[in-house]
Amino acid sequence: MDVTVIAQVLTMVLAAVAIVWHQQRSIDKLRAEMREEFSRLRAEVVGNGQRLARIEGYLGIGIAPEAAAVAAGATRTESAPAQ
């Protein structure tokens, strides 16, 4: 084999390895960013759920009237309006 052919084959193999390596690094970075974003969103959802529970407790909706009076953050003690 000619030296030129060997150099071309090695160049192609090295280029393929470099492309795969770069793609793997990009995927790893994307996964890390997504994990970070999902954990932030999860925390926001938990906070919104707690806020909604407090609102429902205050308004006496979404839960039994007896439980509404003692719900976390509830300040009203009267029963929920009849529906």
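Let me begin with the surface as a whole: the accessible area of this chain comes to about 7100 Å², and 65% of that belongs to carbon and sulfur atoms. I should say at once that what we are looking at is a predicted model, and that every value I quote is computed from it. Of the 83 residues in the chain, buried ones make up 5%, and the secondary structure comes to 2 helices and 0 strands.

Most of what I want to show you concerns helix 1, which takes in residues 3-59. With 57 residues at 1.5 Å a residue, this helix should span 84 Å, and because its end C-alpha atoms are 83 Å apart, the expected and the modelled spans agree.

Let me turn to the two ends of that helix. At the N-terminal end, D2 acts as a cap, with a side-chain oxygen that lies 2.9 Å from the backbone nitrogen of T4. At the other end, helix 1 is followed by G60, and the phi angle of G60 is positive, near 75°.

Now to the charged side chains. A search of the whole structure finds 2 salt bridges, and R40 takes part in one with E37, where the closest N and O atoms are 2.3 Å apart, as well as in one with E44, at 2.4 Å from N to O. E37, R40 and E44 are thus linked in a network of salt bridges.

Why might such partners face one another along a helix? An α-helix has 3.6 residues a turn, so residues three or four places apart point the same way. In our case R40 and E37 both lie in helix 1 and are 3 residues apart, about one turn, while R40 and E44, being 4 residues apart in helix 1, are likewise separated by about one helical turn.

As for how much of this network is open to solvent probes, R40 has a relative accessible area of 41% and therefore counts as partly exposed. E44 is partly exposed too, at 40%, and E37, at 35% relative accessibility, falls in the partly exposed class as well.

Finally, I would draw your attention to a nonpolar patch on the surface, formed by L52, I55, Y58, L59 and I61, which together have about 440 Å² of accessible area. One of its members, I55, has its place in helix 1, and I55 counts as partly exposed because its relative accessibility is 43%, between the cut-offs of 20% for buried and 50% for exposed.

Terms used: Residues numbered from 1 in each chain as written. Predicted model: local features only at pLDDT ≥ 70, side-chain atom pairs only at ≥ 80, totals over all residues. Heavy atoms only, no water. Patch = residues over 30% accessible without salt bridge, like charges linked within 9 Å, V, L, I, M, F, W, Y side chains within 5 Å. Areas by Shrake-Rupley, 256 points an atom, 1.4 Å probe, with all protein chains shown as cover. Salt bridge = Lys/Arg side-chain N within 4 Å of Asp/Glu carboxyl O. Buried < 20%, exposed > 50% of the residue type's maximum accessible area, 1.4 Å probe, protein only. Expected span 1.5 Å × (residues − 1). Polar contact = N/O pair within 3.5 Å; in protein donor to acceptor, adjacent residues only side chain to side chain.
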